[in-house]
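User: Please take a close look at one helix of this model and at the strands around that helix, and describe how the parts fit together.

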Amino acid sequence: MSGSHLQKTASGRLEVHGELSFSSVPGLWKEYLADFSGHAGVDLDLCCLERSDSAGLAFLVACFREATRAGHSIRFFNLPEQMLAVARVSSLDEVLPLYND
């Protein structure tokens with residue numbers, strides 16, 4: 001989906017719009033690195049996510065790793081149930097800072 005993008009909200013959260021897939025993650029990763037990875041704290045909200053495959057979870061891990069490397073914080077909000085289930089099976093729910101609101 002070419003319309004996949006990151007959007008900063010008025011509340012300061014970063015929303016993922018569109019999909020997290022093998023085709024969209026490379027572009028979203030570049031966008032994240034260019035515009036958001038330097039922020040001391042990022043709240044990444046998946047409430048507007050339309051679809052995700054395993055590349056979506058890999059994207060979250062990469063964002064977490066980049067934030068940790070830079071000494072910054074990152075939190076993930078509103079993971080879709082399917083993505084959360086995969087995170088649980090792989091024990092990533094014990095590593096990634098996941099929140100629901």
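Analyst: Within this predicted model, confidence is lowest in helix H1 (residues 25-35), at a mean of 94, and highest in strand S5, at 97. For the chain, the mean pLDDT is 93, with 98% of its residues at 70 or more.

The helix chosen here is H3 (residues 81-89), which together with S5 and S6 makes a right-handed β-α-β unit. The two strands of this unit, S5 and S6 (residues 98-99), run parallel and are joined by 2 bridges, and in this pairing Phe76 has Leu98 of S6 as its bridge partner. S5 (residues 73-77) is also joined to strand S3 (residues 41-45), by 5 bridges and again in a parallel arrangement; here Asp43 has Arg75 of S5 as its bridge partner.

Turning to the helix itself, the buried residues of H3 are Met83, Leu84 and Ala87. Seen down the axis of H3, these buried residues fall within an arc of 100°, so they line one face of the helix. Glu81, Gln82 and Val89, by contrast, are exposed on the other side of H3.

As for what the buried residues of H3 meet, they pack against strand S2 (14-20), strand S4 (49-52), helix H2 (54-70) and S6. S6 is thus named twice in this picture, as a partner in the β-α-β unit with H3 and as one of the elements against which the buried residues of H3 pack. Just after H3, Ser91 takes a positive phi of about 65°.

Definitions and conventions. Residues are numbered from 1 along each chain as its sequence is written. This is a predicted model: local features need pLDDT of at least 70, side-chain atom pairs count only at pLDDT 80 or more; totals for chains, interfaces and linings use all residues. Side-chain values use heavy atoms; hydrogens and water are left out. Two strands pair if DSSP finds at least two bridges between them. Helices (H or I, at least four residues) and strands (E, at least two) are DSSP runs, numbered from the N terminus. A crossover is right-handed if, with the strands pointing away from the viewer, the path from the first strand over the helix to the second runs clockwise. pLDDT is the predictor's confidence in each residue, from 0 to 100. Buried means under 20% relative accessible area, exposed over 50%, partly exposed in between (1.4 Å probe, protein chains only). The arc is that of the directions from the helix axis to the C-beta atoms. Contact means heavy atoms within 4.5 Å.
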